[in-house]
Every structure is written in structure tokens, then in C-alpha cells.
4 protein chains.
Amino acid sequence: MSGNTLGKLFCVTNYGESHGPAIGAVIDGCPPGLELSAEDIQFELDRRRPGTSRHVTQRREPDEVEILSGLYEGRTTGTPISLLIRNTDARSKDYGNLLDTFRPGHADYTYWKKFENRDPRGGGRSSARLTAPTVAAGAIAKKWLREQYGVLIRGYMSQLGPIRIPFQTWDSVADNPFYAPNPGIVPELEAYMDELRKEGDSIGARIEVVAENVPAGLGEPLYDRLDADIAHAMMGLNAVKGVSIGAGFESITQKGSEHGDAIYADGFGSNHAGGVLGGISSGQDVTVSLAIKPTSSIRTMRPSITRSGEAIEVQTLGRHDPCVGIRATPIAEALLAIVLMDHALRQRAQCGLTR
Amino acid sequence: MSGNTLGKLFCVTNYGESHGPAIGAVIDGCPPGLELSAEDIQFELDRRRPGTSRHVTQRREPDEVEILSGLYEGRTTGTPISLLIRNTDARSKDYGNLLDTFRPGHADYTYWKKFENRDPRGGGRSSARLTAPTVAAGAIAKKWLREQYGVLIRGYMSQLGPIRIPFQTWDSVADNPFYAPNPGIVPELEAYMDELRKEGDSIGARIEVVAENVPAGLGEPLYDRLDADIAHAMMGLNAVKGVSIGAGFESITQKGSEHGDAIYADGFGSNHAGGVLGGISSGQDVTVSLAIKPTSSIRTMRPSITRSGEAIEVQTLGRHDPCVGIRATPIAEALLAIVLMDHALRQRAQCGLTR
Amino acid sequence: MSGNTLGKLFCVTNYGESHGPAIGAVIDGCPPGLELSAEDIQFELDRRRPGTSRHVTQRREPDEVEILSGLYEGRTTGTPISLLIRNTDARSKDYGNLLDTFRPGHADYTYWKKFENRDPRGGGRSSARLTAPTVAAGAIAKKWLREQYGVLIRGYMSQLGPIRIPFQTWDSVADNPFYAPNPGIVPELEAYMDELRKEGDSIGARIEVVAENVPAGLGEPLYDRLDADIAHAMMGLNAVKGVSIGAGFESITQKGSEHGDAIYADGFGSNHAGGVLGGISSGQDVTVSLAIKPTSSIRTMRPSITRSGEAIEVQTLGRHDPCVGIRATPIAEALLAIVLMDHALRQRAQCGLTR
Amino acid sequence: MSGNTLGKLFCVTNYGESHGPAIGAVIDGCPPGLELSAEDIQFELDRRRPGTSRHVTQRREPDEVEILSGLYEGRTTGTPISLLIRNTDARSKDYGNLLDTFRPGHADYTYWKKFENRDPRGGGRSSARLTAPTVAAGAIAKKWLREQYGVLIRGYMSQLGPIRIPFQTWDSVADNPFYAPNPGIVPELEAYMDELRKEGDSIGARIEVVAENVPAGLGEPLYDRLDADIAHAMMGLNAVKGVSIGAGFESITQKGSEHGDAIYADGFGSNHAGGVLGGISSGQDVTVSLAIKPTSSIRTMRPSITRSGEAIEVQTLGRHDPCVGIRATPIAEALLAIVLMDHALRQRAQCGLTR
């Protein structure tokens with residue numbers, strides 16, 4: 001398989017460029033009989049949509065999804081589900097100079113090295129806009145997992161640049177543009193972002209995703225471990241530079257007597273494992289953490305070169321997220337859903353797991 | 001594809017259990033014409049072999065590899081290379097009680113939940129012993145990458161539990177059992193480990209791996225990005241709980257003006273990207289960092305349950321690494337080599353890259 | 001990978017139903033830099049289009065293709081190419097009774113058994129209409145193969161029911177609706193079909209496809225042999241019940257001294273192998289033959305059952321091809337092109353083959 | 001995935017060369033809990049073993065299989081099953097001249113063109129000996145299918161060169177070296193083969209394979225249809241030049257009113273479909289037919305060239321089957337079993353099919 005498909009049994013093939021006619025995904029392998037409507041998908045798309053607050057890109061895309069196949073009378077038929085999202089607010093002229101130069105920290109340079117012929121308009125294929133089809137596909141996985149196993153997948157921002165955001169309540173997450181689980185800290189986040197925009201700079205963030213009610217037994221012994229496939233999916237998301245499960249990098253300083261989660265007759269005593277032991281889900285919450293780098297498209301002048309190798313100063317005007325982490329939460333949820341559904345189907349194949 | 005194969009074009013299928021007759025790997029997709037001998041592979045296997053210092057498991061396995069296929073007159077033929085390693089020092093009786101109970105933090109529990117019928121002897125399939133075939137396969141990838149592109153892959157330990165190990169020199173790495181790039185710190189590491197063994201406990205570690213001279217252009221735009229496949233491979237290694245590329249989790253607090261590596265006519269000004277931009281290699285060093293948890297097999301008594309759900313205290317006698325991170329360096333190098341070679345072949349397929 | 005993708009490196013994922021909003025394909029893995037336009041694809045689509053003669057279905061679909069992604073300034077970028085074809089002439093009411101019953105010889109029954117929820121309108125996913133995206137993808141493969149290696153892929157009808165069509169000239173193929181390479185026999189074919197339509201019955205056919213200038217070395221030793229992948233692609237086409245390569249079923253009665261193609265300094269003395277030896281292309285023409293069954297959608301009354309198991313008589317009105325073989329030639333060419341291109345990329349990956 | 005693996009969920013990776021140290025297979029994806037012993041596998045291996053009658057190669061290989069992994073206490077664990085068969089009767093000197101020249105009709109030429117460095121001893125990787133691991137893997141699939149669904153897979157020879165063998169009884173098949181289902185015709189077959197050996201020539205054959213009690217619903221709509229994957233597996237077998245399902249090439253002259261199998265309340269009225277409609281199993285017997293070419297290794301002198309392109313006459317001494325079709329029956333059964341099991345797992349994944 002070529003590189004634009006995620007999953008082995010629940011397969012999401014993503015296509016499109018930021019300023020081309022459309023973006024979309026084909027989902028192959030979805031079980032038949034699932035009730036599904038465009039609204040189910042639109043709900044998740046709207047969560048990641050640009051232009052919803054002053055802290056994200058001002059590109060205004062309705063991101064309206066059309067389901068082209070795979071449904072009959074409101075339920076999936078088991079055949080490929082094709083999802084189409086037209087690009088409507090593409091102002092390519094903003095990016096005119098990008099064909100000939102490279103933003104430091106951006107895929108401009110490597111796409112050129114790899115493909116030579118690249119679409120530079122709005123970042124082309126490397127644009128964060130291409131996460132929309134992922135979110136759309138994830139909406140299907142989320143729904144199926146919820147109906148089959150009661151799986152609940154939720155995420156939040158736990159750090160914005162230097163500001164740590166202590167978890168307080170899930171209830172707050174939907175009420176602020178940052179997906180912060182802590183209403184009291186929102187004004188500080190707003191102020192930080194306002195300052196950043198003035199500077200014309202960008203900042204990193206940290207996102208947490210949690211899946212509850214995951215059945216035990218998902219994952220493969222070697223290589224395609226559940227945590228390995230989660231890491232693959234998450235690191236495959238734009239701007240992610242680090243992925244961890246459970247205690248993550250804190251495991252380095254833990255002793256075995258502390259890290260290993262005690263098992264009691266009524267459950268585990270802690271969850272340093274993050275719900276995965278030996279690559280296989282344990283039934284505990286699957287907890288994932290992502291490090292997201294600052295956007296490379298900034299107004300600040302940076303040293304770069306042209307295609308012919310001459311030194312140049314680059315700044316990016318256009319419309320960009322000063323912190324791509326802000327919109328990353330629903331995307332990370334979608335990715336986790338896709339991986340879990342894929343492994344649920346794989347488990348069902350090999351071990352016959354049913355509800 | 002089922003879950004025990006790594007790679008899409010350079011495919012490593014791993015088999016075996018810790019105390020079964022043998023372990024091994026079949027490597028499919030290796031280009032023909034590569035000079036290869038058992039010695040090439042044995043060299044890397046010896047680097048990860050148990051029993052080489054008092055700080056690792058005392059199991060004494062020669063780990064002698066036999067090449068069963070895929071070679072003719074000392075060169076690869078392009079057909080599958082089958083590598084066989086017989087198990088010789090398996091003392092299964094040490095693990096007698098493990099069939100009926102679960103070590104906290106260990107795959108015992110999840111294998112039982114997934115497969116029901118599991119081989120408990122020496123950890124069975126979940127044993128770190130199964131990294132030997134990975135190392136063997138990686139030796140082939142390392143050799144090919146070196147000959148084709150001059151790629152050099154090296155790793156070292158950067159932290160042992162609470163002790164950070166500042167990088168000083170590659171020269172030191174092979175001279176101590178910790179793969180520490182800093183000879184002055186080795187006595188402190190030795191003392192720490194001696195104390196830990198007395199306690200009957202275990203500890204985590206951090207490993208860094210670096211690939212130099214990686215050609216630009218390796219990786220796919222979405223999902224199968226080079227960093228995503230590296231994360232998949234690394235998180236698929238026993239005990240790894242976190243993976244990062246380049247600046248990793250430090251990207252969270254970086255601004256875009258700092259993180260984005262400036263480009264000059266004679267190269268990049270820094271390497272926060274870790275050699276990967278937009279999922280595609282840039283030609284800079286690929287730098288990867290792993291968080292490794294403490295072994296779950298410890299002499300300390302821990303609360304657990306039996307298969308029938310009754311409370312029990314568990315301790316693990318047998319022979320175990322008190323810090324699996326100590327032997328992780330050559331394995332992480334092997335995994336990085338396999339991923340890079342796989343992507344080099346994928347790149348050659350799509351874009352026709354040749355030396 | 002789920003079941004609606006063809007190819008491992010040149011990957012065609014097909015979606016859609018006969019009377020849904022649209023059909024299409026996403027092609028992943030196409031090399032960058034190939035000049036491509038909608039016209040290139042439309043040319044092949046028009047060759048398989050319905051409604052072009054009285055001998056094929058009277059459904060009138062323009063089958064206009066829109067390229068949604070993967071192109072920049074008229075050349076491929078190496079990212080997925082998404083092709084969209086809207087359904088416009090869908091008269092679903094013609095098929096009203098098909099939800100509750102099963103045409104003998106048709107996929108109605110098995111789709112119901114497999115998926116339960118199936119789209120019965122116009123045959124849904126099992127309609128021959130779904131070959132259009134295959135043809136569209138094949139147009140890209142044909143173009144690339146021609147430019148890279150001078151590969152020429154052509155097909156023709158060699159038998160229509162009882163009437164054998166001796167090969168006379170390629171020149172005639174495009175000049176008659178049957179793809180018959182023999183202008184003299186066309187009136188007989190026309191008369192046969194006119195009679196058949198009056199009867200309300202259908203008939204089988206035999207198609208030959210030939211690829212010239214295929215480079216030697218394409219294919220894998222075991223399992224994924226070139227001929228195996230050709231057989232997979234061809235038998236995956238609606239109504240195909242048999243596939244053969246070279247001498248095919250005539251090999252049964254041949255002796256080795258006759259079948260084995262003699263090799264001379266200036267080439268082979270015959271081509272019983274059909275261009276494939278040991279699963280790998282030899283450089284001779286690749287020759288493939290297909291047996292195509294008669295359409296199951298006929299006006300003749302046939303015994304069948306309802307979903308609840310009661311006996312019923314079924315006839316199919318709607319608009320159907322009385323001989324699906326008539327439009328099969330361009331589809332078989334497309335399939336051969338896709339397989340050859342996939343193997344050319346695989347060969348380039350492993351063995352570095354370049355022109 | 002590279003080319004030496006068969007199956008997507010039940011994955012058989014085959015390795016080895018005819019005169020190397022060993023041949024074997026790794027089977028990944030087998031469900032846990034299946035009772036399995038070396039004897040189960042040995043039974044099928046003995047059916048294809050050479051040296052059992054004067055009509056097949058006189059190479060005497062015990063073909064003794066060793067199970068290296070994947071079993072615990074006599075049942076599968078769900079982890080990879082590694083099967084090893086040592087080569088013991090390899091007389092490589094018989095093939096001394098083959099490195100420098102090419103047998104007409106043999107893979108010698110194409111392996112050289114593809115890989116350049118090839119193992120010529122005993123045909124190397126292209127030897128029919130490599131079907132032994134396939135048969136071993138098929139034994140596992142046969143057993144699982146029988147236990148899960150009562151599937152019964154059997155084959156027979158229906159034609160030996162010019163001699164058609166009318167089906168009379170399954171009882172006869174195991175009682176003669178030809179797998180002929182007709183005891184009366186065996187003397188004629190014996191006489192034909194004796195004459196052929198004297199001539200130093202070889203002959204083709206036709207094999208039929210039938211799977212009974214296949215559950216309805218196996219297969220995918222497009223591309224990976226059940227019949228397509230059967231065709232892929234069968235055409236991937238050495239010497240096969242044609243594959244057909246059900247009525248096969250006779251469908252060409254059938255009308256729809258004849259070909260389409262009538263459906264009655266108590267079952268189908270005929271089986272022209274061969275158990276597959278629209279690529280999905282119908283519950284009827286799956287019937288497959290194979291055309292097998294004559295062996296290319298014959299004593300008769302044939303025109304060929306050397307590696308440097310000079311004309312030469314070639315004859316093959318060594319030990320060879322004058323009709324590879326004679327031993328093909330158990331191999332074809334194994335291939336059908338592997339494909340059916342793979343699709344049974346795929347079906348279970350997507351549609352949750354259980355017994």
C-alpha cells in the first residue's frame with residue numbers, strides 16, 4: 001500500500017490539496033448496518049473547522065461533507081464510503097512566492113526534494129487542511145466504537161507553550177476555543193495568544209487523548225502493537241514531534257515497583273501503562289499524549305534559500321494558525337478512533353471477539 | 001497483513017517464543033547483489049546479547065544465527081532471507097507460577113485476555129528475547145544503507161533513571177555496558193545499578209538514535225510519514241512508552257521563530273526538526289529519542305490476581321534485566337535501519353531515486 | 001488492506017454504486033512528473049461508455065471525469081489522484097422489485113448474504129458501471145507505461161458466443177462496437193446480437209489482451225507472480241469465469257518439447273509462455289485470455305426465490321448489456337496496465353530498474 | 001508487502017531454495033486455540049512428497065516438518081507458526097551447467113534478468129520443491145476450516161495430456177499416483193507416462209479442486225473477490241497457465257438463460273457459477289479448474305542461449321517430474337484452503353460472521 005492510507009481493515013485513504021478542487025477520503029472495510037448520516041460526520045468536522053475564533057486561521061471554509069457511496073437507506077452497506085469536501089475559500093495568490101522558496105521548518109523543502117513538482121498553493125498536500133478528511137473518517141469510527149463497545153474518546157489541551165493547563169473537568173472542554181479542561185485558565189490562554197499574534201510568531205502545545213471502555217485484547221504481539229499503531233497515527237499528524245502512552249517519558253525515572261500497575265480483584269491500582277501492556281489493550285483507559293510544534297508559517301522574517309540556492313529572507317503572510325495545537329484535539333481523537341476500530345476488526349478476525 | 005511483520009517493501013516477519021525451539025525472522029524484499037554473511041549479522045546480535053555484563057540478564061544464549069535462504073555465493077539473490085536462532089538456555093521451570101498469575105505491568109495479563117492459550121515460559125512471545133531477530137534483520141538494513149548512501153546509524157543511552165548522561169563522545173559508547181557516550185559517568189551508572197539489583201527493583205532509561213547521511217526525500221505525505229513509521233517501529237519495541245523526533249516534547253514551549261530551522265546556502269542552522277519535515281527526510285540527521293519503562297519482572301512483591309480472579313502477591317525470580325534500556329540501543333538502531341531502508345525502497349519505487 | 005483496492009504500490013481504490021451520487025477512484029503511488037489531463041482519461045472512459053451502439057446497454061451516461069487532486073500545472077505531483085464521475089442517468093424505479101428477490105446468476109443473492117443491507121438500485125456496487133473508475137485509473141497506468149518503456153496494451157474480442165473471430169488486423173478493432181479484429185465477421189456478429197435481443201437472452205464472450213514491450217524482470221518469485229497478479233485483476237472483473245496466460249488451457253495437451261519456447265540469439269522462437277516464465281516477465285508480449293459469462297440480467301423468466309424463501313419467477317427489465325463481453329475489452333486493457341505498472345514500481349524498488 | 005506472502009489476514013510467508021539449507025514458511029494470523037501437531041501437517045506433506053511412484057521425480061526427501069513456534073500444549077497461541085523443512089537430498093552437481101544457460105520455458109532466464117544473482121542449483125527458488133511449505137500451511141487452513149465450518153476440500157486430475165479422466169468416484173483418488181477419480185483409467189495413464197519417460201519429454205495436465213460447505217458471504221465486492229483471490233493463488237503455482245471457476249471457458253458459449261443457476265426454495269438448480277456470484281461465495285461448492293503446462297526440464301535437446309548470448313543446445317538431466325500436474329492436486333487443495341481461510345477471517349472482521 002502506498003502512503004496515504006491509514007489502517008489495515010478499517011482503511012482510510014486521504015486525498016487532496018489545500019487549494020485544489022476538493023479534499024476527501026475513501027473508507028473501506030466499515031461493517032455494514034451502521035446508521036450513518038452526513039450530520040454525524042459534520043458534527044466532528046465543525047469541531048476542527050477553521051475560522052471559529054480569533055485564535056485560529058481566518059480561512060472560512062464550511063467544510064461541508066458529501067457522502068458519495070457506501071450508504072443505503074441511512075445505513076452502511078459494507079462497501080467503500082466516499083467522503084467529499086469541496087474547497088471554497090482558496091486564495092492562492094497569498095502564497096505566490098512560496099513556489100520558489102522554502103519556509104524554515106516547513107514541508108516546502110522536502111516535498112520539493114521528494115517530488116520536485118509540488119503544489120505550493122496554501123501548502124498543497126502538506127496543509128493542515130488535509131486533517132479534515134481524517135476527522136470525517138474518525139467520526140465513523142467513533143460512532144461504531146461507541147455503539148459496539150461503549151467506547152468514549154475525548155481529548156483536551158494540557159499545555160499551551162509555557163502555560164500548563166491542569167485537568168479540572170471535561171465539561172469545560174467544549175466551551176472554549178482551546179479545548180482546555182479548566183475554565184479558569186482560559187483568560188490567560190487568550191491573553192497569551194493575543195500577544196503572540198501581535199509578535200507574528202507561533203507556539204507549540206501539548207494534547208492529551210483518552211479512550212474509555214476499550215475492550216481488552218486489541219493489538220498484536222510484535223511490531224503492530226496497539227501502542228505502536230497509535231504512535232504511527234499520531235506522529236503522522238502534521239506538527240507532531242512526540243507521542244507517549246501512559247506515563248510516557250516519566251517512565252524513565254520510575255522504578256518497576258512504582259510503574260507496574262498493581263492488579264486487584266476489582267481492577268488496576270493505577271494506569272502508568274496507559275491501557276496497553278505488551279502492545280495489547282488491558283481494558284484500562286488508553287491515554288495518549290502529543291507534543292505539537294509551533295507552526296512554521298509565521299510573519300517573522302526567517303533566513304532561507306531559493307530553489308536555485310540563493311540566500312533570502314522569508315515571511316509568511318496568508319492565513320495561518322499561530323498554534324496548530326489549538327485545533328489538534330478533535331483530530332487526535334479521530335486518529336485514536338481509527339486505530340482502535342482497525343484493531344477491533346483485526347481482533348474480531350483472529351480471535352472472534354464479539355460484544 | 002497480520003501483526004508480526006515490519007515494513008512494506010523491506011518486510012521483516014518475526015517469529016518465536018522465549019523458551020520454544022527457536023526464534024527467527026524472514027526478510028522479504030531485500031535487493032539482490034548485497035554481499036552478506038552470517039558474520040555481518042552476528043556482529044549486531046552480539047551487541048544485544050544477554051549475559052555480557054552483571055547489569056543485564058544472566059541468561060547465556062550464544063544467539064548464533066543461521067542463514068537458511070536468500071544467499072548465493074555470498075550475495076543476496078532478492079529472494080526471502082530466512083534467519084534462524086535456536087534457543088539453547090531455556091530454564092522454563094523458573095517461570096512455573098506464571099501461567100496462573102500476572103506480573104503487574106507485564107503482558108501476561110493482556111496475552112491471556114487476547115489469546116487465552118499463551119506460552120508463559122520465559123514470557124513467551126512477549127519476551128525481550130524476540131528483539132534478537134529484529135536486530136538480525138536490522139544488520140542487513142544497516143549494511144545496505146551504508147553501502148548505498150553512506151548512512152551511519154548509531155545510538156546511545158542519554159539517561160538511566162534519574163541520572164542524565166550528557167553526550168560527550170561516540171568513542172565511549174562501545175566501551176561500557178550502558179552504551180553511555182560519556183566515560184566519566186560510567187562509575188555512577190555502575191553504582192546505581194548495583195544498588196538497584198540489591199533492592200530487587202528495576203528502572204527506566206532514555207535512548208537516543210541518530211542516522212547520518214540519510215538522503216532527502218524519504219517518507220510519504222500523509223499517514224505513512226517517515227517519522228510516523230519511525231514512531232511505529234520504536235513504540236513497537238518492548239517497554240517503550242514514548243517516542244520523539246528532533247526537539248520532541250521541547251517543541252511544546254518553543255516559538256516558531258526558534259523551532260523552524262533556518263536554511264542557509266550551506267545547510268540548515270539547527271536541527272529541531274530531527275531531519276524530518278512534513279513527514280519527509282530533509283537530508284539532516286534523523287534524531288529519535290525513546291522513553292523506556294522499568295522492567296515489570298522484579299523480585300519485589302507486588303499485588304496481583306490469579307486467572308480465577310483471586311488476590312495474590314507476585315514476585316519474579318528467573319533471570320531478568322533490571323533495566324531493559326541497557327540493551328535497547330542496538331535494537332533501536334536496528335529498527336531505525338529497517339524503517340529507513342523500507343522508505344528508501346518505497347522512494348525508489350515512486351520517484352526512481354538512485355544513488 | 002480492505003477489498004476495494006487494486007495494486008500494492010500503484011494503488012487504485014474504487015468506490016461507488018450504480019445509482020448513488022457518484023462513482024470514482026483514488027490512485028495512490030503514481031510517480032510525480034507525469035503529464036496528465038482529464039482528456040487523457042476521458043479518451044479511455046469513452047471507449048467503455050454505455051449507449052454507443054444498439055448492442056450495449058442504453059443507459060446514457062456521459063461518464064465525465066473530474067480530477068480532484070494530485071495534479072499541479074498539468075503534471076502529477078506524486079500525491080493521490082482522486083477521480084470523480086457523477087451518476088446522472090439513474091432510473092432506479094426500473095429495479096424496484098430487486099430488493100426482495102435475486103436474479104439467478106447475479107450478485108443480488110451473495111451481497112444480501114454477506115452484507116444484509118445492500119443497495120439494489122441498478123445492481124448497486126455489483127454493477128458493471130463500477131468498471132468505469134478502473135478504466136480511468138488504467139488510463140494513467142497506460143500513459144506512464146508507454147512513456148517509460150514504450151509499452152503498448154491492446155485487446156480484442158476473439159469469440160462471441162459460438163462465433164470465433166480469427167485475428168486479422170488491429171486496425172479493425174476501433175471500427176466496430178465489438179472490438180473485433182476482423183471487419184469481415186462484423187455483420188455476422190451484428191445479426192447474432194439482434195437475434196439475441198429479440199429472444200431477451202444474453203451470451204458469453206472471449207477477450208484477448210496483449211501487452212507489447214514489457215520489460216523483462218517484472219514479477220515476484222512466489223505467490224505475487226506477474227501472471228498471478230494478472231489473474232487476480234482479471235478474475236476480479238465482473239462476469240469473468242476464466243483467465244489464461246499464453247497457451248493457457250492448450251498447455252494441457254502440449255509436450256514440453258513443444259511448449260517450452262526455444263531461445264535464439266535474436267529472441268524467442270514462439271510464445272506459449274505468454275511473456276511470463278516463473279512468474280516473471282521475459283520481455284516477450286504478455287498475452288492474456290478471458291472467458292466472460294453471459295449477463296444474468298435478462299428478460300427471460302427464471303426461477304428464483306424471495307428474501308423470505310418463497311419461490312418466484314424473475315425477469316429483469318431495466319437496461320442491460322446482452323453481452324457484457326462487448327464492452328470488456330477496454331476494461332481488460334486497463335486492468336493489465338494497472339498490474340504492469342504496479343510491478344514496474346515494485347521492480348524499481350527492489351532491483352532499481354530504470355529505463 | 002513483498003511478493004512471497006500469500007493472504008492478508010492468514011498470511012503465509014514462504015522462503016527457501018531447492019538446494020539451500022532449508023525451506024519453510026511462517027504463518028501469521030492463525031486464530032488461537034486450534035489443536036495442531038506436526039503429524040497434521042506431515043500428512044499433507046506426504047501426499048505431495050517426491051519419490052513415491054515411478055511417475056514423479058526420484059529425489060527422495062523425507063520432507064519432515066519441524067514446528068518452531070506458535071504452539072503451546074498442542075494448541076495454537078495466535079502467534080506466528082514457523083515451519084521448517086531441511087533439504088537433505090540435494091545433488092547440486094546435476095545442475096552444474098544451468099548457471100550459464102537457460103532451459104526453454106523455464107524461470108532460469110527471467111530470474112537472471114530480474115535478479116542477476118540467482119541460485120541455479122535445482123532450480124533454486126523457482127523449483128516446485130517450494131510448494132512444500134505451501135502444502136504445510138494449507139494443512140493448517142484445511143484443519144481450521146473443517147473444524148469451524150465443516151469445509152471439505154478435495155481435488156483430482158481430470159486430464160493427463162490428451163487423456164480425459166471422467167469423474168467417477170472420490171474413493172479412487174487416494175489409490176493411484178495420479179489422483180485420478182476413475183480406477184479404470186489408471187492403466188492407460190501408467191502406459192502413457194512410461195512411454196513419455198522413454199521419450200525424455202513431459203506433458204501437461206488439468207486439475208479440479210472442490211470445496212464443499214463453504215459458508216455464503218466470503219469475498220469482497222471489487223478487486224479482492226473470492227474468485228479473484230483464488231485465481232491469484234492458483235496462477236501463483238508453478239506451471240499453471242490457466243484458472244477457471246465453475247463453467248469457466250464454457251461460459252463463452254452459454255446463454256444467460258442456461259448459465260444463471262436457477263434458485264429454488266431448497267437450493268440451486270445447477271452450479272455454473274462454481275460457488276461464487278459477484279465475487280462472493282454463495283454457499284454452493286466452490287469449483288476450480290487449473291491448466292498445468294508440461295515441465296520445462298526435459299532430456300530432449302532444445303535450442304537456447306548462454307548468458308553471453310551464444311546459441312547452444314540444452315538438455316536437463318537431473319531428476320524431474322515428467323508431469324508436474326501429477327503432484328499438483330494436494331498443492332491446489334492447500335492453496336484453496338489458504339484463500340478460503342483468509343477470506344473467512346476477513347469476513348469475520350467486517351461482518352462478524354461466526355459459526
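Author: A polar contact is a pair of N or O atoms within 3.5 Å; within protein, one must be able to donate a hydrogen and the other to accept it, and residues adjacent in sequence count only if both atoms are side-chain atoms. The model is predicted: local features need pLDDT of at least 70, side-chain atom pairs pLDDT 80 or more, while totals for chains, interfaces and linings use all residues. Residues are numbered from 1 along each chain as written, chains are lettered from A and ligands numbered from 1 in written order, and side-chain values use heavy atoms, without hydrogens and water.

Reader: How many residue pairs between chain D and chain C are in polar contact?

Author: There are 45, with both residues at pLDDT 80 or more.

Reader: What makes D:Glu199 and C:Lys255 a salt bridge?

Author: A salt bridge needs a side-chain nitrogen of Lys or Arg within 4 Å of a carboxyl oxygen of Asp or Glu. Here the N to O distance is 3.0 Å, so the pair qualifies. The rule finds 2 salt bridges across this interface of chain D and chain C.

Reader: Why are chain D and chain C described as related by a two-fold rotation axis?

Author: Superposed by least squares on the C-alpha atoms of residues with pLDDT of at least 70 in both, chain D falls on chain C with an RMSD of 0.0 Å, after a turn of 180° and a shift of 0.0 Å along the axis. The two copies are therefore related as by a two-fold rotation axis. In chain D, the C-alpha of D:His232 is nearest the axis, 2.3 Å from it.
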